[in-house]
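Let's take a walk through a protein model together. Keep the structure open beside you and turn it as you read.

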Amino acid sequence: MAKKENLAEILRREIEEYEGKVESSEEGTVISVGDGIARVYGLSEARLGELILFSSGAEGLVMNLDEEELGIALLTEEDGVKEGDAARRTRRIIEVPVGDALLGRVVTPLGEPLDGGARIETGKTRPVERIAPGVMTRKSVDTPLHTGIKSIDSMIPIGRGQRELIIGDRQTGKTAIAIDAILSQKGQGVKCIYVAIGQKDSSVADLVDLLRKEGAMDYTLVVDAPASKSAPILYIAPFAGMAMAEEWLERGEDVLIVFDDLSKHAVSYRALSLLLRRAPGREAYPGDIFYLHSRLLERACRLDEAHGGGSITALPIVETQAGDISAYIPTNIISITDGQIFLDSSGFASGQRPAIDAGLSVSRVGSSAQHPAMKKVSRSLKMTIATYRENLSFAQFGSDLDETTKKILLHGDRAMEALRQVNGEPLSEPEEVLTLFALQEGHLDSLPRERVRSFLGEMLGEFRRKHAPLMEKLLKEGDYDKGMEEEMRKEILALLAREEDR
């Protein structure tokens with residue numbers, strides 16, 4: 001009994017004297033290094049996402065907070081970090097430089113120049129991670145983001161502040177659509193960011209050369225995390241690009257950001273998570289892969305006037321395998337975004353460029369992001385293509401077709417031909433409206449298929465030469481009245497008559 005009383009007294013005294021002190025340290029020790037991951041003992045007060053500085057000068061990012069050790073992803077080569085090295089807290093969350101000084105440059109996700117130019121001095125940085133703007137600070141999407149691609153601007157319109165997924169198999173023209181969208185922002189007051197994730201150095205170099213040749217680098221920033229870099233660098237690349245975009249967003253400016261592509265980003269995060277010994281889930285991806293992409297893409301939005309009125313339009317790219325959009329990563333990102341542009345590999349192989357599948361593609365913003373003129377000329381286009389494809393599949397089984405079906409097939413065939421477009425040659429909105437007006441009125445149905453595109457090129461040339469005021473009014477007002485409609489119809493009919501005389 002006495003022993004029990006003594007034990008109770010000891011416990012009572014220990015509890016009373018306990019002051020809640022926890023041993024903490026600002027410095028730890030590397031206990032192992034491998035595959036870009038350093039495990040560090042100590043640093044008990046380090047925060048998730050904090051930068052850690054090693055005695056060798058290398059930097060790392062805290063990714064795991066385990067009970068006895070930290071899992072740190074190295075942002076530099078691991079050769080300089082070895083077992084026994086000291087690791088010290090910086091008390092800084094990873095940040096990137098932001099500002100206009102970045103325009104025209106090619107940089108790493110950490111803001112270091114890759115184009116051989118001078119070191120970038122912006123005078124301001126932002127953390128790569130940030131909570132997305134709240135619903136009450138946002139405004140509905142109603143301003144078009146012109147891409148210069150007829151199929152998209154007519155059937156799958158994109159608005160400023162929207163998140164539109166570009167999805168399809170490898171080598172089906174996904175990047176080409178994003179680049180045309182960037183080229184179309186020339187003179188539109190939209191700054192552009194292209195984030196290359198896991199791409200070949202040669203591919204990024206070719207892309208930068210194209211942007212420079214077209215004068216697009218004046219308003220474009222390229223963030224490059226090539227395939228040769230470690231998984232942590234690829235992991236932070238899209239977040240770094242988004243942080244750079246948010247600086248312009250909060251200044252009331254419009255930004256277009258392309259993530260090429262989030263499939264490779266997901267793979268890099270899976271590799272990083274497995275190296276950190278996190279539990280794998282479906283397809284070996286970690287359980288928080290959906291949260292990873294949702295917290296990234298939720299930051300793309302349009303703010304209301306009280307918060308500056310700026311916008312970030314995101315075009316994430318995802319690669320599918322054999323057209324399977326029901327795979328894990330594609331379905332995740334489809335559910336996060338405001339629509340998708342699906343590229344069909346069979347259409348691409350048959351020469352339809354861009355190979356957009358109008359049936360599987362959708363914009364959840366819809367005609368809210370279209371000018372009145374574009375609404376008028378594209379109202380029935382999606383239905384025209386759907387009807388054409390349905391009748392085409394039945395026409396393969398029978399040779400005796402009625403006149404109605406023949407007209408549907410003829411008009412649909414001319415529509416598919418009119419929507420074909422060369423990469424790197426986006427059209428202005430008046431040029432798109434004129435093209436679709438000629439198609440909608442049935443003027444192209446009388447032309448041989450092989451003459452449709454050349455006729456449209458000649459037609460646009462004639463309008464630029466003879467009807468410049470009409471083109472300017474279409475561009476300025478985004479609509480046309482009865483008088484302009486008659487002027488367009490008259491000129492097209494005159495050109496068709498000249499075509500028949502050849």
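Before we start, one bit of vocabulary: Ala, Val, Leu, Ile, Met, Phe, Trp, Tyr, Cys and Pro count as nonpolar, Asp, Glu, Lys and Arg count as charged, and the others, Gly among them, count as polar. Also keep in mind that what you're looking at is a predicted model.

Let's begin with the empty spaces. Rolling a probe the size of a water molecule over the atoms shows where empty space is left. How many cavities of 30 Å³ or more does a search of the whole structure find? The search turns up four of them.

The largest cavity has a volume of about 90 Å³. Its lining is made of P144, L145, H146, D153, P157, I158, A369, Q370, H371, M374, E429 and E432. Try sorting those residues with the vocabulary from above. You should end up with six nonpolar, three polar and three charged residues.

Now move on to the second largest cavity, which holds about 80 Å³ of space. Around it you'll find S151, M155, Q352, P354, A355, I356, A358, I385, R389, M416 and L419. Two elements, α2 (150-155) and α11 (381-395), give two or more residues to this lining. Sorted by class, the lining of the second largest cavity has eight nonpolar residues, two polar ones and one charged one.

One residue of that lining, P354, deserves a second look. A cis peptide bond joins R353 and P354, with omega at about -5°. P354 sits in the loop between α9 (345-349) and β16 (362-363). What's the usual situation? Most residues other than glycine have a negative phi, and most peptide bonds are trans.

Next up are the pockets. How much space lies in the largest pocket? The answer is about 670 Å³. Its lining has 25 residues, and Q171, T175, Q199, S203 and D260 lie nearest the centre of the pocket. At least two lining residues come from each of α3 (174-183), α4 (201-213) and β14 (311-320). By class, the lining of the largest pocket splits into seven nonpolar, nine polar and nine charged residues.

Stay with D260 for a moment, as one of the residues nearest the centre of the largest pocket. D260 is joined to D261 by a cis peptide bond, and omega there is about -5°. D261 is found in the loop between β13 (254-260) and α6 (262-275).

From that loop you can step straight to a pair of helices. The axes of helix α5 (residues 231-250) and α6 come within 8 Å and cross at roughly 135°. That makes α5 oblique to α6. The crossing of these two, α5 and α6, is left-handed. On the α5 side, the contact is made by A231, P232, L234, Y235, P238 and F239, and on the α6 side by H265, S268, Y269 and L272. Eight residues of the contact of α5 with α6 are nonpolar, two are polar and none are charged.

For another pair, travel along the chain to helix α14 (residues 452-466) and helix α16 (residues 482-500). These two pack at an angle of about 130°, with their axes 11 Å apart. So α14 and α16 are oblique to each other. Is the crossing of α14 and α16 left-handed or right-handed? For α14 and α16 the crossing is right-handed. Helix α14 brings F455, E458, M459, E462, F463 and K466 to meet M488, E491, I492, L495, L496, R498 and E499 of α16. By class, that contact of α14 with α16 has seven nonpolar, six charged and no polar residues.

Finally, let's look at some backbone angles. Phi of R91 is near 60°, a positive value in a residue other than glycine. You'll find R91 in strand β6 (residues 86-93). A284 is another residue other than glycine with a positive phi, this time near 70°. Its place is in the loop between α6 and α7 (289-297), which brings you back to the α6 that packs against α5.

Key. Residues numbered from 1 in each chain as written. Predicted model: local features only at pLDDT ≥ 70, side-chain atom pairs only at ≥ 80, totals over all residues. Heavy atoms only, no water. Axes fitted to C-alpha atoms, helices over the stretch in contact; angles between N-to-C directions. Helix = DSSP H or I, 4+ residues; strand = E, 2+ residues; numbered from the N terminus. Parallel < 35°, antiparallel > 145°, perpendicular 65-115°, else oblique. Left-handed = near helix turned anticlockwise from the far one by under 90°. Contact = heavy atoms within 4.5 Å. 1 Å grid on protein atoms, 1.4 Å probe; cavity = no way out; pocket = protein on both sides within 12 Å on 5 of 7 lines; lining within 4 Å. Points joined across faces, edges and corners; volume = space filled by probe spheres on them.
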